[in-house]
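Work through the exercises below with the sequence and the model side by side, and try each task before reading its solution.

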Amino acid sequence: MKRFDVIIIGSGPGGMAAAYDLASEGNEVAVVEADLWGGTCPNRGCDPKKVLYGVVEAKDNLAQLQNRGFNSVPKINWAELMGFKETFTKPVPTEQKKGLINSGIQTITGRAVFKDKQTILVESTEYQADKFILATGQRPAILDIPGKEYFGTSTDFLSMKELPAKIAFVGGGYISLELANIANSCGSEVHLLHHNQRPLKGFDEALTSELIGNLEQRGIHFHFNESAETLTKQGRQFKVELTNQGSLIVDRVFCATGRIPNLENMGLEKIGVEYAHKGVNVNDHLQTTVETIYALGDCLQKNEPKLTPVSSFEGSYLAKLFTGSVQEAIDYPAIPTIIFSSPKLAQVGLTDDKTVANDNYEVKELDLSHWFTYKHLNESLVKAKIVSEKATGLLVGATVLGNEADQLINLFTVMINQKLAANKVNSMIMLYPTVASDLSYLY
Ligand SMILES: Cc1cc2nc3c(=O)[nH]c(=O)nc-3n(C[C@H](O)[C@H](O)[C@H](O)COP(=O)(O)OP(=O)(O)OC[C@H]3O[C@@H](n4cnc5c(N)ncnc54)[C@H](O)[C@@H]3O)c2cc1C
Ligand SMILES: NC(=O)c1ccc[n+]([C@@H]2O[C@H](COP(=O)([O-])OP(=O)(O)OC[C@H]3O[C@@H](n4cnc5c(N)ncnc54)[C@H](O)[C@@H]3O)[C@@H](O)[C@H]2O)c1
């Protein structure tokens with residue numbers, strides 16, 4: 001039986017980062033994958049979503065410039081758009097697997113189950129390693145209600161051949177907001193059910209309300225304090241009985257009420273790896289309750305957001321830890337997050353209510369819609385909330401709502417992580433007129 005230095009279970013962005021970094025340091029590495037090589041992000045997550053969103057963004061930009069150079073808003077052709085998306089997703093599994101093989105990493109296809117602390121079984125073949133990394137990611141959680149078999153998931157949405165005329169999304173998080181916006185922009189009637197009045201809980205409440213207001217104006221129907229009680233099939237459509245009042249008849253219903261870590265039926269209990277509903281328990285070195293088994297990415301129980309760059313960061317950290325170039329606990333920088341909607345909502349750093357209410361911090365609320373950067377594109381909804389520390393003047397957090405929120409928040413992320421004071425930023429010459437040339441006026 002072949003014994004490896006490290007076996008990584010899961011080939012998503014986290015597992016891949018660890019595998020490449022460990023192999024480049026001369027380790028014997030194997031990666032096990034049960035489904036599509038490359039994991040969630042490039043196959044059924046960030047990348048296909050961003051291809052669809054790219055077309056929505058282009059349409060939004062044209063719509064803003066009506067009678068300012070454009071006289072009509074083009075319609076999105078869903079079938080063509082899905083064809084374009086497939087040019088990205090189709091080659092992913094083959095290319096991702098080939099990349100590993102070309103780097104001398106052994107690829108093992110199948111589902112890994114632990115036999116003992118040193119051995120996994122994949123389709124009845126045994127493999128051993130000195131260390132293991134669990135990088136198994138998450139899958140969509142499906143509400144346990146009568147008719148739950150009729151729910152579609154984000155994976156189904158991202159591979160729909162035809163765009164349904166009428167869609168309901170259950171849940172008010174990242175996935176529902178982003179996919180509802182895409183469907184609405186492509187021409188569907190969209191309903192979104194959220195079980196309380198506070199969707200996107202981790203984002204600034206006032207700017208989230210502004211976003212919801214804008215999406216409502218664009219035609220998305222929000223049903224707050226509502227969820228799905230039962231689903232029944234009615235011919236080719238579905239009836240969604242709402243928990244409080246009434247029902248909806250729609251062509252597709254998608255459940256996006258959160259995601260569950262892939263940890264069950266892997267023999268983890270038997271070997272002493274502890275995990276809970278939200279993920280596997282690890283210490284500040286990403287070590288599980290079994291000394292030689294580590295974990296990373298979306299399958300962790302953690303406070304950091306479950307995102308692609310966070311998984312990759314953890315994969316690279318583990319490679320450094322295993323090769324001895326780092327001994328310290330993992331130290332996360334400020335992590336930016338974004339909703340790719342119309343417009344974008346993004347944030348980084350300290351933006352919570354407690355910080356905002358704390359006298360040590362200054363909070364600036366800005367309406368940027370009249371600034372040249374946005375006005376020349378006739379963008380009407382651009383707002384920012386910027387938090388700085390009074391004593392040092394350093395930026396500590398920011399939320400931005402607007403089409404350029406991604407660019408601005410990335411710049412703020414650099415400033416926060418590098419502790420760049422305003423005078424340092426002002427001492428640089430930036431391209432004008434761009435988002436970056438506004439920096440010195442923002443705080
Ligand atoms: C619709 C959608 C949109 C998203 N958009 C963004 C975005 O815009 N930006 C962003 O940063 N993040 C986004 N995310 C989140 C991002 O995709 C994840 O954070 C990221 O993929 C996590 O990487 P990972 O390596 O931890 O796990 P994953 O990418 O989920 O990979 C885990 C892999 O492990 C495999 N596996 C599981 N169990 C076993 C087993 N027992 N044996 C062998 N293999 C196994 C799985 O098949 C899977 O391939 C999105 C997610 C979704 C669903
Ligand atoms: N742009 C991005 O970075 C991006 C995009 C998509 C997904 N993701 C990742 O995927 C994860 C999962 O996304 P998600 O949207 O499924 O989960 P989520 O946790 O972000 O949101 C789920 C929402 O559903 C609500 N909900 C729970 N039960 C409900 C019920 N019975 N009825 C109605 N609403 C209910 C929750 O209150 C919550 O607001 C994200 O947390 C993120 O890690 C990231």
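Helices, of type H or I and at least four residues long, and strands, of type E and at least two residues long, are DSSP runs that are numbered from the N terminus. The model used throughout is a predicted one.

**Exercise 1. Determine which residues come nearest to ligand 1, and which polar contacts ligand 1 makes.**

Begin with the shell: of the 37 residues around ligand 1, those that come nearest are Gly14, Glu33, Thr40, Lys49 and Asp298. Next, look for pairs of N or O atoms within 3.5 Å, the cut-off for a polar contact. A polar backbone atom of Gly14 is 3.0 Å from an oxygen atom of ligand 1, and an oxygen atom of ligand 1 also lies 3.3 Å from a backbone N or O atom of Lys306. With Ser311 the partner is in the side chain, where an N or O atom is 3.0 Å from an oxygen atom of the ligand. Then turn to coverage: ligand 1 exposes 1000 Å² when taken alone, and the protein buries 91% of that. Finally, assign the shell to elements, of which α1 (13-24), β2 (29-33), α2 (40-44), α3 (46-64) and α10 (308-323) give two or more residues. By class, the shell around ligand 1 holds 14 nonpolar, 15 polar and eight charged residues.

**Exercise 2. Repeat the analysis for ligand 2, and state which element gives the largest share of its shell.**

Here 21 residues surround the ligand, and Glu178, His195, Ser227, Lys306 and Ile338 come nearest to ligand 2. For the polar contacts, take the side chains of His195 and Ser227 in turn: an N or O atom of the His195 side chain is 2.8 Å from an oxygen atom of ligand 2, while an N or O atom of the Ser227 side chain is 2.6 Å from a nitrogen atom of ligand 2. The backbone takes part as well, with an N or O atom of Gly172 lying 3.4 Å from an oxygen atom of ligand 2. On its own ligand 2 has 840 Å² of accessible area, of which the protein covers 76%. Both α7 (174-186) and β9 (189-194) supply at least two residues of the shell, and the largest share, three residues, comes from α7. The shell divides into nine nonpolar, eight polar and four charged residues.

**Exercise 3. Describe the second largest pocket by its volume and its lining.**

The volume of the second largest pocket is about 210 Å³. Its lining includes Asp60, Ala63, Gln64, Asn214, Ser342 and Pro343. At least two lining residues come from each of α3 and α8 (205-217), and α3 gives the most, with three residues. Sorted by class, the lining has three nonpolar, six polar and three charged residues.

**Exercise 4. Decide whether Ser341 and Glu123 are buried or exposed.**

Locate Ser341 in the loop between β19 (337-339) and β20 (345-349). Its relative accessible area is 1%, and because buried means under 20%, Ser341 is buried. A polar atom of the Ser341 side chain lies 2.7 Å from the backbone oxygen of Pro343, and Pro343 is among the residues that line the second largest pocket.

Glu123 lies in another loop, between β5 (119-122) and β6 (125-134). With a relative accessible area of 60%, Glu123 is exposed, because exposed means over 50%. As a last step, compare positions along the chain and in space: Glu123 and Gly110 are 13 residues apart along the chain, and their C-alpha atoms are separated by 6.2 Å.

Notes. Residues are numbered from 1 along each chain as its sequence is written. Chains are lettered from A and ligands numbered from 1 in the order in which they are written. This is a predicted model: local features need pLDDT of at least 70, side-chain atom pairs count only at pLDDT 80 or more; totals for chains, interfaces and linings use all residues. Side-chain values use heavy atoms; hydrogens and water are left out. A residue is near a molecule or strand if one of its heavy atoms lies within 4 Å of it. A polar contact is a pair of N or O atoms within 3.5 Å; within protein, one must be able to donate a hydrogen and the other to accept it, and residues adjacent in sequence count only if both atoms are side-chain atoms. Accessible areas come from the Shrake-Rupley method with a 1.4 Å probe; for residues, only the protein chains shown count as cover. Ala, Val, Leu, Ile, Met, Phe, Trp, Tyr, Cys and Pro count as nonpolar, Asp, Glu, Lys and Arg as charged, and the others, Gly among them, as polar. On a 1 Å grid over the protein atoms alone, a cavity is a set of points where a 1.4 Å probe fits but cannot get out, and a pocket is an open set with protein on both sides within 12 Å along at least five of seven lines; lining residues have an atom within 4 Å of a point. Grid points are joined across faces, edges and corners, and a volume is the space filled by probe spheres set on the points. Buried means under 20% relative accessible area, exposed over 50%, partly exposed in between (1.4 Å probe, protein chains only).
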